[in-house]
Amino acid sequence: LLVRFHSICLNLATPTTILCQRLCHLYGIQQQLHRQALITDTTSTIQAWAQSVDGLRALLHAMAIQDLVERLPMGRSHAIHLPAAVFAVATIYSARCLAGFPTVLVPNNLPWKDVWSISGGSNGDVDAFLHNRPSELSGGLSTRNLMYDLNSLQITLNAISLRWGVSHAMDEILHRWIVLANENAQASI
């Protein structure tokens with residue numbers, strides 16, 4: 001149920017089907033997962049999205065999903081909603097890596113009511129994170145390496161694909177994104 005909750009919230013912050021289509025269009029990746037849409041919005045960039053409040057909200061929910069999925073017992077890892085949830089997480093991570101943000105400093109204490117609070121809530125670290133003010137983060141912090149997490153997600157997707165065939169198409173797209181993100185990382189060195 002928690003995976004479903006975070007999947008719904010992630011897609012409220014960032015519709016991952018549209019983000020997947022945009023990434024595939026931007027990088028010339030052929031995909032059979034989603035109907036090809038005509039991408040006409042060229043004003044918003046992946047870099048701007050990655051630093052936006054909605055992009056950062058989606059990232060928080062993506063990290064929560066990954067943490068939950070990694071703790072699932074094998075007997076529960078074949079639920080029908082897991083492939084889409086894992087691929088949504090991979091889409092968010094891939095977009096951030098391709099935008100040039102492969103690591104992120106995240107507050108350890110995340111009251112979910114503050115993540116979606118209009119007034120910013122009572123947690124200053126959540127507000128500073130969502131508004132991209134890392135110098136104001138004061139509580140316990142963790143660094144997440146999204147490239148490492150992407151590789152872990154690919155292993156999870158491979159395991160799920162034994163049960164759910166749609167995971168093969170997701171895995172093909174994820175593999176291409178990982179290759180591109182690795183190339184971007186090498187180019188920036």
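**Close-up views of a predicted model**

**View 1. His61 and its surroundings.** His61 has its place in helix H4, which covers residues 53-71. The model shown here is predicted. His61 is buried, and its relative accessible area is 0%. Which residues does His61 touch, leaving aside those up to four places away in sequence? They are Phe5, His6, Cys9, Leu10, Trp112, Val115 and Trp116. With Trp116 there is also a polar contact: the two side chains are joined at 2.8 Å.

**View 2. Trp116 between two partners.** The side chain of Trp116 shares a polar contact of 2.8 Å with the side chain of His61. Arg57 comes in as well. Its charged end sits over the ring of Trp116, 4.7 Å from the ring centre.

**View 3. Helix H5 from end to end.** Helix H5 runs over residues 82-98. At 1.5 Å a residue, its 17 residues should span 24 Å. The C-alpha atoms at its ends are 24 Å apart, so the model agrees with the expected span. Is H5 largely enclosed or largely open? Of its 17 residues, 16 are buried, so the rest of the structure largely encloses the helix. Just after H5 comes Gly100, with a positive phi of about 95 degrees.

**View 4. An aromatic pair linking H5 and H9.** A pair of aromatic rings is described by two values, the distance of the centres and the angle of the planes. This model has one aromatic pair. Its members are Phe87 and Trp177, with ring centres 5.6 Å apart and planes at 20 degrees. Planes under 30 degrees apart count as stacked, so this pair is stacked. Phe87 lies in helix H5, and Trp177 lies in helix H9 (residues 166-187). The pair therefore ties together parts that are 90 residues apart in sequence. Both rings belong to buried residues: Phe87 has a relative accessible area of 5%, and Trp177 has 0%.

**View 5. Cysteines without a disulfide.** A disulfide is a covalent bond between the sulfur atoms of two cysteines. How many disulfides does the model hold? The count is zero. Take Cys24. The closest cysteine sulfur to its own is in Cys20, 4.2 Å away. A disulfide needs the sulfur atoms within 2.5 Å, so this pair is too far apart for a bond. Cys24 is buried, with a relative accessible area of 3%. Cys97 is buried too, at 5%.

Terms used: Residues are numbered from 1 along each chain as its sequence is written. This is a predicted model: local features need pLDDT of at least 70, side-chain atom pairs count only at pLDDT 80 or more; totals for chains, interfaces and linings use all residues. Side-chain values use heavy atoms; hydrogens and water are left out. Helices (H or I, at least four residues) and strands (E, at least two) are DSSP runs, numbered from the N terminus. The expected span of a helix is 1.5 Å times one less than its number of residues. Buried means under 20% relative accessible area, exposed over 50%, partly exposed in between (1.4 Å probe, protein chains only). Rings of Phe, Tyr and Trp (its six-membered ring) pair if their centres lie within 6.5 Å; planes under 30 degrees apart count as stacked, over 60 as edge-to-face and the rest as tilted. A charge sits over a ring if NZ of Lys or CZ of Arg is within 6 Å of the ring centre and within 35 degrees of the ring normal. A polar contact is a pair of N or O atoms within 3.5 Å; within protein, one must be able to donate a hydrogen and the other to accept it, and residues adjacent in sequence count only if both atoms are side-chain atoms. Contact means heavy atoms within 4.5 Å.
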